[in-house]
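Opening the notebook on this one. I want to go through the cysteines, the core, the helices and the charged pairs.

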Amino acid sequence: MHEFEVAMTCEGCSGAVTKVLSKLGETVKFEIDLPKRLVWIESDKDVDFLMETLKKCGKEVKYNGTK
(Lines give C-alpha, C1' and ligand atoms only; values in the text may rest on other atoms or scores of the structure.)
Protein backbone atom coordinates (compact mmCIF):
# COMPACT_ATOMS: atom_id res chain seq x y z
CA MET A 1 0.00 0.00 0.00
CA HIS A 2 1.59 3.26 -1.18
CA GLU A 3 0.91 6.53 0.64
CA PHE A 4 0.80 9.83 -1.23
CA GLU A 5 0.23 13.34 0.05
CA VAL A 6 -1.97 15.26 -2.38
CA ALA A 7 -2.73 18.99 -2.07
CA MET A 8 -6.50 18.48 -1.81
CA THR A 9 -8.60 21.21 -0.21
CA CYS A 10 -12.19 20.22 -1.02
CA GLU A 11 -14.55 17.50 -2.22
CA GLY A 12 -13.89 18.58 -5.81
CA CYS A 13 -10.19 17.84 -5.33
CA SER A 14 -10.83 14.38 -3.91
CA GLY A 15 -13.34 13.80 -6.72
CA ALA A 16 -10.62 14.59 -9.27
CA VAL A 17 -8.30 12.08 -7.57
CA THR A 18 -11.06 9.46 -7.58
CA LYS A 19 -11.68 10.10 -11.28
CA VAL A 20 -8.04 9.63 -12.39
CA LEU A 21 -7.49 6.57 -10.19
CA SER A 22 -10.77 4.93 -11.27
CA LYS A 23 -9.54 4.98 -14.87
CA LEU A 24 -6.80 2.50 -13.90
CA GLY A 25 -9.40 -0.26 -13.52
CA GLU A 26 -10.29 -2.78 -10.87
CA THR A 27 -6.69 -3.86 -10.23
CA VAL A 28 -6.15 -0.63 -8.27
CA LYS A 29 -7.69 -0.14 -4.83
CA PHE A 30 -7.44 3.24 -3.13
CA GLU A 31 -8.56 5.22 -0.09
CA ILE A 32 -8.71 9.00 0.27
CA ASP A 33 -8.44 10.90 3.56
CA LEU A 34 -9.37 14.47 2.60
CA PRO A 35 -8.75 16.14 6.01
CA LYS A 36 -5.23 14.66 6.18
CA ARG A 37 -4.70 15.14 2.39
CA LEU A 38 -3.59 11.52 2.04
CA VAL A 39 -4.25 8.92 -0.64
CA TRP A 40 -3.40 5.25 -0.16
CA ILE A 41 -3.12 3.09 -3.26
CA GLU A 42 -2.84 -0.68 -3.44
CA SER A 43 -1.62 -1.69 -6.89
CA ASP A 44 0.94 -3.75 -8.77
CA LYS A 45 1.82 -0.62 -10.79
CA ASP A 46 5.14 1.05 -9.95
CA VAL A 47 5.34 4.20 -7.82
CA ASP A 48 6.38 6.48 -10.71
CA PHE A 49 3.34 5.42 -12.74
CA LEU A 50 1.01 6.03 -9.77
CA MET A 51 2.64 9.41 -9.10
CA GLU A 52 2.21 10.52 -12.72
CA THR A 53 -1.40 9.34 -12.67
CA LEU A 54 -2.13 11.33 -9.50
CA LYS A 55 -0.52 14.45 -10.99
CA LYS A 56 -3.15 14.35 -13.75
CA CYS A 57 -5.67 15.68 -11.22
CA GLY A 58 -3.72 18.96 -11.28
CA LYS A 59 -2.58 18.91 -7.65
CA GLU A 60 0.85 18.78 -6.06
CA VAL A 61 1.75 15.17 -5.15
CA LYS A 62 4.37 13.83 -2.75
CA TYR A 63 5.21 10.17 -2.18
CA ASN A 64 5.42 9.27 1.53
CA GLY A 65 6.40 5.60 1.16
CA THR A 66 4.63 2.36 1.92
CA LYS A 67 2.16 1.83 4.73
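Is C57 buried or exposed? I looked it up in what is a predicted model: C57 is buried, with a relative accessible area of 14%.

**Cysteines**

Next I asked how many disulfides the structure holds. The count came back as 0. I wanted the reason, so I pulled the sulfur distances, keeping in mind that a disulfide needs the two sulfur atoms within 2.5 Å. For C10, the closest cysteine sulfur sits in C13 at 3.6 Å, which is too far for a bond. For C57, the closest one is also in C13, but at 7.7 Å, so no bond there either. I noted the accessibility of C10 as well: this residue is partly exposed, at 36% relative accessible area.

**Core**

Which residues touch the most other members of the largest nonpolar core? My list reads F4, V6, V17, L21, V39, I41 and L54, out of 16 residues in that core. I then checked where the core members come from: β1 (2-6), α1 (11-22), β3 (38-42) and α2 (47-55) each give at least two residues. The largest share is that of α1, with 4 residues. This fits the general habit of nonpolar side chains in soluble globular proteins, which tend to be buried together.

I picked V17 for a closer look. Skipping neighbours within four places in sequence, I found V17 in contact with V6, M8, I32, V39, L54 and C57. So C57, the buried cysteine from the top of this page, turns up among the contacts of V17.

S14 was my next stop, and this serine lies in helix α1. At 9% relative accessibility, S14 counts as buried. Beyond residues up to four places away in sequence, S14 touches M8, I32 and L34. M8 and I32 were on the V17 list too.

**Helix α2**

Which residues of α2 are buried? I got L50, M51, T53 and L54. Looking down the axis of α2, I see these buried residues fall within an arc of 160°, so they line one face of the helix. What does that buried set pack against? The partners are β1, α1, β3 and β4 (61-66).

**Salt bridges**

I counted 2 salt bridges in the structure. Side chains of opposite charge can pair when their charged atoms come close.

The first one I opened joins K62 and E5, with the closest N and O atoms 3.8 Å apart. This pair links distant parts of the chain, since K62 is in strand β4 and E5 in strand β1, 57 residues apart. K62 is partly exposed at 47% relative accessible area, and E5 is partly exposed at 34%.

The other joins K55 and E52, again with 3.8 Å between the closest N and O atoms. Where do these two sit? Both lie in helix α2, 3 residues apart, about one turn of the helix. An α-helix has 3.6 residues a turn, so residues three or four places apart point the same way. I have K55 down as partly exposed, at 40%, and E52 as partly exposed, at 47% relative accessibility.

**Record check**

Last, I looked at the UniProt record, an unreviewed entry, which lists residues 1-62 as "domain: HMA". In the model, the end C-alpha atoms of that span lie 15 Å apart. I logged the span as 34% helix and 27% strand.

Definitions and conventions:
Residues are numbered from 1 along each chain as its sequence is written. This is a predicted model: local features need pLDDT of at least 70, side-chain atom pairs count only at pLDDT 80 or more; totals for chains, interfaces and linings use all residues. Side-chain values use heavy atoms; hydrogens and water are left out. A nonpolar core is a set of buried Ala, Val, Leu, Ile, Met, Phe, Trp, Tyr and Cys residues joined through side-chain atoms within 4.5 Å. Buried means under 20% relative accessible area, exposed over 50%, partly exposed in between (1.4 Å probe, protein chains only). Contact means heavy atoms within 4.5 Å. The arc is that of the directions from the helix axis to the C-beta atoms. UniProt positions are given in the numbering used here, feature names are shortened, and annotations may be inferred rather than shown by experiment. A salt bridge is a side-chain nitrogen of Lys or Arg within 4 Å of a carboxyl oxygen of Asp or Glu.
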